[in-house]
Amino acid sequence: MEENSRMDIWFSQMDTENVKTSVRVDKQLFSAQSEYQRIDVFESQEFGKMIVLDGEIIFSEADEFIYNEMIVHVPMAVHPEVKKVLIIGGGDGGVARACIDYPEIQTIDVVEPDQLFIDVSRKFFPETAKGFDDNRVRISNVDGLRFLRGCQAEYDLIINDSTDPFGHTEGLFTKEFYGSCFRALKEDGVMVYQHGSPFYDEDEAAFRAMHRKVYQCFPISRVYQASIPTCPAGYWMFGFASKKYHPLTDFDPDRWNQRKIKTWYYTTNLHMGAFMLPKYVEELLEEEENR
Amino acid sequence: MDKNKQTKAPVYEALERFRKKRVVPFDVPGHKRGRGNPELVEFLGEKCLGLDVNSMKPLDNLGHPVSVIREAEELTADAFGAAHAFLMVNGTTSSVQTMILSVCKEGDKIILPRNVHKSVINVLVLCGAIPVYVETKVDEKLGIALGTEIEKIQAAMEEHPDAAAVFVNNPTYYGICSNIKEIVKLAHERGMKVLSDEAHGTHLYFGEHLPVSGMAAGADMAAVSMHKSGGSLTQSSILLCGPNMDAEYVRQIINLTQTTSASYLLLSSLDISRRNLALRGRESFAKVRQMAEYARSEINEIGGYYAYGKDLIDGNSVFDYDVTKLSVYTQGIGLTGIEVYDLLRDEYDIQIEFGDIGNILAYISIGDRIQDIERLVGALEDIKRLYKKESQTMYCGKFIQPETVLTPKKAFYQKKEPVELSKTAGRICGELVMCYPPGIPILTPGERITEEITEYIQYAKEKGCSLQGTMDSKVERIHVIKEQNGRPFRS
């Protein structure tokens, strides 16, 4: 009987024109069009609550920890002293929440143009959005490029948590953006950014272009990976771009382990492994480096 | 403008009715709603191919409109405040050329600034009208031609009281407007017609706080590039007439050269765009104006660049400025406009309208989003960081006004010979030479080439401008008039 009472409603994310990831939905909790994007919130059996922007799952209760841990702990285990952090995008608050575990961080600037996205996250994901309530966090509702303009040698760590190289945040996957980050970072600053997925043909070009642009812009540019079920192909990449520190040779596992930060995905062993990439990905990256 | 009526789009509505009827085509085009060309359907879409149809009774005929096209033209005239409007399918080039062919015959004089689009010079070759150029003031720093000064155009009218028409850029590519109201007054007092080239001025008819449009200023004809700031498909255009033009005669002129297979894709795009502008143009262009003003202040904040605007206004050679234009002087960071234009495209995936020696122009329109403006500004800032050169003595590349020796038609049909660019100084040019874009000729047929001009062409080539117009595709040789005893050869 219980099985019968469940509705047969499915949300499908189009990974490509020919592949979709479908999640059975219990109900839709919210839907609105903001100035920037369409925002939907669904309740699902498998992934819990999910937030969907322009038809793409950005965040689900079941797997958000993977993304947030990987984009924060990896650079934090490399850079010896991060005081000022800039998060571009990050309207769900998950990245900010992962940052507040570090006492040496003095300020966390979150630059998210879409206030509605923040409001929706606060309402439906209060656990995650509590990252916004830390008194070190400052939120700015402006475009990322706009925020960075004129910004010089200010940050130790910049995290590009914006969503999509094809949506309204496409400006945050460009040479001008990476150049602006380079300028805004201190001389030993690090930038991490979500690097998309290299698997499907349609995404491959964007993946290549991103690496090419960052590689030309920063002296150190490495890519690492994680397995995230709601991402296209379940496989997601991150970029580590840095002026001074190498993600493996300057990696200090003991220092990080002493912090005793509770994680579900990240470990210092996994840190090393995440930079060991499949052959086809290595080749894509090398091709762009040798261009 | 009757806003109620403007909700109609007769051509579009007729096409919708036609589509639903599922008429079996035994007429052209031969692709038959795309069935004969599946690859094209795949590429352009079924709907697009299905609407690519021929003139027929329910869809009217552009060459002789009596129903839906006529209605669409009437609505267009009403929307633009004109006595009559023509939907044009052969580019604003055809609108500009129709204006001149409608008021000038062989041997008639036309008073015009030299910084006109090449279509103007080309039609002078066709019709044999005689250009009387008004000396145009040049902004020495920016290297661009400004508007027409009233005293100078008045002097030209007094010197040539028999001139048939006066031609005005409203605005120029860079956004500069002359005092067109005063020019109309002076011209009409002398029985001359005023033709307004509004290839870059569609929005003047709908936006607020913008320079006056040709029709509002009393011009007799205006060529309006709907496909630029108006949002219609490339190659579609509008020709407007004031009350003193004989519209049926103008139609005859149009039909001299217009295709008899006018594209309904273009016509419907004009119809839908006109409706959109009439209903929502004011708000849309307010947004465009805001975006351009924002970009201007942000770019000026970077330093090195100079995004000019209303500060250029001097009441005469710059009577007004179209603030929707985003023109930026780039030599302050030691780079030519064309270099910045190339960097934006090759390194930042940003395509702007054009770069010349000193400036770039980014076209802001109803399709732009603020985040794209942020990208453009961010890229300009990054270009300064990565590519800035110490300000060297750069060739300022200013606009040069050559001496006219022969009329364009005479020169064009004269016996000519190809001569290496560096050896052409002193000779009379027999063809057009220009950078495209902007498409304003550096040399026109009948003009005396000077060393300054050949140096300019050489410099523009070195900096990567796309030079066009000459028979020699590489623009290494220019066809000049053959000479006999130091005089133009008489055939």
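Trainee: Which are the buried residues of helix H11 of chain B?
Mentor: Keep in mind as we go that this is a predicted model. Helix H11 of chain B spans residues 247-257. Its buried residues cover an arc of only 105° around the axis, so they sit on the same side of H11(B). They are Val250(B), Arg251(B) and Ile254(B).

Trainee: And which exposed residues does the face of H11(B) turned away from its buried side carry?
Mentor: To count as exposed, a residue may have 12 or fewer other C-beta atoms within 10 Å of its own. On the face of H11(B) turned away from the buried side, the exposed residues are Glu248(B), Tyr249(B), Gln252(B) and Leu256(B).

Trainee: What covers the buried residues of H11(B)?
Mentor: Look to the side where Val250(B), Arg251(B) and Ile254(B) are found. The cover there includes two strands and a helix of chain B, namely S1, S10 and helix H5 (91-103).

Trainee: Let's turn to the sheet. Which strands of the open sheet of chain B stand at the edges, and why is one side of each left without a neighbour?
Mentor: The sheet has 7 strands with mixed pairing, in the order S1-S10-S9-S8-S6-S2-S3. A strand at the edge has a single partner strand, so one of its sides lacks a neighbour in the sheet. Neighbouring strands are turned by 20° against each other on average, direction ignored. The edge strands are S1 (84-88) and S3 (130-134) of chain B.

Trainee: In which sense do strands S6 and S8 of chain B pair, and over how many bridges?
Mentor: Strand S6 covers residues 165-169 of chain B and strand S8 covers residues 193-198. One of the links joins Phe167(B) to its bridge partner Leu195(B) in S8(B). The pairing is parallel, over 5 bridges.

Trainee: At about what angle to S1(B) does helix H4 of chain B run?
Mentor: Helix H4 is made of residues 68-80 of chain B. This helix lies across S1 and strand S10 (237-241). The angle between H4(B) and S1(B) is about 120°.

Trainee: Is Pro445(B) buried or exposed?
Mentor: Pro445(B) is placed in the loop between strand S18 (441-443) and helix H16 (451-462) of chain B. Not counting residues up to four places away in sequence, Pro445(B) touches several residues, including Val125(B), Phe412(B) and Glu431(B). The C-alpha atom of Glu431(B), 14 residues apart from Pro445(B) along the chain, is separated from that of Pro445(B) by 4.6 Å. Because Pro445(B) has 30 other C-beta atoms within 10 Å, the residue is buried.

Trainee: Which element gives the most to the side of chain B that touches chain A?
Mentor: Here 13 residues of chain B are in contact with 13 residues of chain A. Helix H13 (337-348) and helix H14 (370-387) of chain B are the elements that give two or more residues. By class, this side of chain B divides into 4 nonpolar, 2 polar and 7 charged residues. The most, 10 residues, comes from H14(B).

Trainee: Now for chain A: which strand gives the most to the side of domain 1 that touches domain 2?
Mentor: Chain A is divided into domain 1 (2-60) and domain 2 (64-289), and 24 Å separate their centres, taken over C-alpha atoms. In the contact between them, 21 residues of domain 1 meet 20 residues of domain 2. The domain 1 side has 12 nonpolar, 5 polar and 4 charged residues. With 5 residues, the strand that gives the most is S5(A).

Conventions
Residues numbered from 1 in each chain as written. Chains lettered and ligands numbered in written order. Predicted model: local features only at pLDDT ≥ 70, side-chain atom pairs only at ≥ 80, totals over all residues. Pairing = 2+ DSSP bridges. Helix = DSSP H or I, 4+ residues; strand = E, 2+ residues; numbered from the N terminus. Axes fitted to C-alpha atoms, helices over the stretch in contact; angles between N-to-C directions. Contact = placed C-beta atoms within 7 Å. Nonpolar A, V, L, I, M, F, W, Y, C, P; charged D, E, K, R; others polar. Buried ≥ 20, exposed ≤ 12 C-beta atoms within 10 Å, placed from the backbone. Arc of directions from axis to C-beta. Domains from an automatic or database assignment.
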